Amino acid sequence: MALDRQSHNKFRRKEAVSDNFFTFMIIPNRKSGVKKISVPKVAIRNILIGATVVVLIALFVIYDYASIKRDRAELARLRAQTKEQSRQLQDMGMKIDQFADRLEALRQYDKQIRVLAHETNLSKKMPLGVGGSEEVRMKDLVDKDHEQIIAGMRRNFEKLHEEANERERSFTELLGYLGQQKAVLASTPSRWPVKGWVTSEFGMRRSPFRSGMEFHKGLDISTRFGKEVVAPADGLVISSGYGPQDGNYIKIDHGHGFTTAYLHLSRMTVKQGTRVNRGDVIGYVGDTGRSTGPHLHYAVLVNNVEVNPRKYLR
């Protein structure tokens with residue numbers, strides 16, 4: 001009985017020891033014997049834990065490497081984008097400078113037109129204009145950071161906007177003035193009404209009809225009988241007819257205070273209310289009325305006052 005108990009305890013000890021090991025059976029080939037390898041469970045557990053830790057570390061390293069690589073790619077993209085934006089800002093800044101130069105050229109052109117139009121800076125109606133405040137040149141901000149470049153661009157945009165509005169107002173004013181001057185020029189009797197010889201000037205002269213001196217209120221232009229007489233400027237015929245002294249006569253209102261008169265005509269081709277243009281035939285040279293021979297008496301009045309026609313003839 002004692003021997004059986006000892007055998008039973010020994011078996012139980014072996015069984016307890018075997019529970020702490022994993023036994024691996026290796027059969028190299030059919031002819032070889034089976035090899036047994038016993039590995040403690042603790043070692044297997046440690047190996048699994050270690051393998052798990054290694055795998056996790058490897059995964060973390062791979063993920064971290066991928067993140068770093070992705071971040072580098074994103075950083076490179078952002079750097080390229082920033083570089084491109086900087087180039088675009090510089091290009092835009094250069095264009096702003098070019099536009100500012102063109103506005104300055106227009107301002108100088110505006111000034112030259114005003115000088116040619118005989119305007120002075122004393123005129124309240126059309127001042128010559130003055131220079132604006134000094135502006136920031138974008139080429140001076142090329143090496144600055146984006147905030148300074150953008151701030152400079154914003155300031156220049158505002159100044160250019162104001163300058164463009166000022167140029168628009170100025171050119172509109174100039175256009176109105178030049179339009180008015182064009183109308184004045186069209187109304188100015190600057191063309192000879194007939195070609196011939198001036199036999200009597202404007203001013204004091206010896207009277208051809210009586211002794212003594214008299215004031216001659218126009219020009220006597222001698223030429224062949226029946227030669228065409230033309231309007232020296234655009235205008236409206238305000239009077240035409242016959243008078244004992246003037247003979248056949250025409251009076252034209254050219255506007256802007258100018259009026260012209262044509263006396264001693266042989267016949268007339270226009271009548272009161274006819275609108276004429278510069279160069280239109282209005283009549284023909286004659287010797288009607290008080291006249292010593294074929295000629296045209298040509299008179300110019302400014303605001304109903306007789307003036308020397310030569311002042312306007314070219």
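These legends accompany several close-up views of a predicted model.

**View 1. How confident the prediction is along the chain.**
Before zooming in, here is a word on confidence. The protein chain has an average pLDDT of 81, and 79% of the residues score at least 70. Over residues 120-134, pLDDT stays under 50. For that stretch the model has 20 contacts beyond four places in sequence.

**View 2. Strand β12 and the two strands β7 and β10 that are joined to it.**
Strand β12 covers residues 281-285, and 4 of its 5 residues are buried, so the strand is largely enclosed by the rest of the structure. Strand β7 (residues 228-230) is joined to β12 by 3 bridges, and the two run antiparallel. Here you can find Val 230 opposite Val 281 of β12. Strand β10 (residues 258-268) is also antiparallel to β12, again with 3 bridges between them. In this pairing, look for Leu 265, whose bridge partner in β12 is Val 285. As a help when following side chains here, those of a regular strand alternate between the two faces of the sheet.

**View 3. Ser 200 and its side-chain partners Arg 205 and His 216.**
Ser 200 is part of strand β3, which spans residues 197-200. Its relative accessible area is 10%, under the 20% limit, so Ser 200 counts as buried. The side chain of Ser 200 makes a polar contact of 2.9 Å with the side chain of Arg 205. A polar contact of 3.3 Å links the side chain of Ser 200 to that of His 216. Leaving out residues up to four places away in sequence, Ser 200 also touches Gly 218, Leu 219 and Asp 220, along with Arg 205 and His 216.

**View 4. An aromatic pair formed by Phe 202 and Phe 215.**
The whole structure holds 3 aromatic pairs. In the pair formed by Phe 202 and Phe 215, the ring centres are 5.3 Å apart and the planes meet at 85°, so the arrangement is edge-to-face. This pair links distant parts of the chain, with the two positions 13 residues apart in numbering. Phe 202 sits in the loop between β3 and β4 (203-206), whereas Phe 215 belongs to strand β5 (residues 213-216). With a relative accessibility of 45%, Phe 215 counts as partly exposed.

**View 5. Pro 309 and the residues in contact with it.**
Pro 309 is found in the segment after β14 (305-307). Its relative accessibility is 0%, so Pro 309 counts as buried. Setting aside neighbours within four places in sequence, Pro 309 is in contact with Phe 202, Leu 219, Tyr 298 and Val 300. Gly 218 is 91 residues from Pro 309 in sequence, yet their C-alpha atoms are 6.8 Å apart in space.

**View 6. His 254 and the backbone oxygen of Asp 234.**
His 254 lies in strand β9, made up of residues 247-255. At a relative accessible area of 5%, His 254 is buried. A polar atom of the His 254 side chain lies 2.7 Å from the backbone oxygen of Asp 234. Not counting residues up to four places away in sequence, His 254 touches a set of residues that includes Pro 232, Ala 233, Asp 234 and Gly 235. Ser 187, Thr 259, Thr 260 and Tyr 262 are also among the residues that His 254 touches.

Conventions
Residues numbered from 1 in each chain as written. Predicted model: local features only at pLDDT ≥ 70, side-chain atom pairs only at ≥ 80, totals over all residues. Heavy atoms only, no water. Helix = DSSP H or I, 4+ residues; strand = E, 2+ residues; numbered from the N terminus. Buried < 20%, exposed > 50% of the residue type's maximum accessible area, 1.4 Å probe, protein only. Contact = heavy atoms within 4.5 Å. Pairing = 2+ DSSP bridges. Polar contact = N/O pair within 3.5 Å; in protein donor to acceptor, adjacent residues only side chain to side chain. pLDDT = per-residue confidence, 0-100. Phe/Tyr/Trp six-rings, centres within 6.5 Å; stacked < 30°, edge-to-face > 60°.
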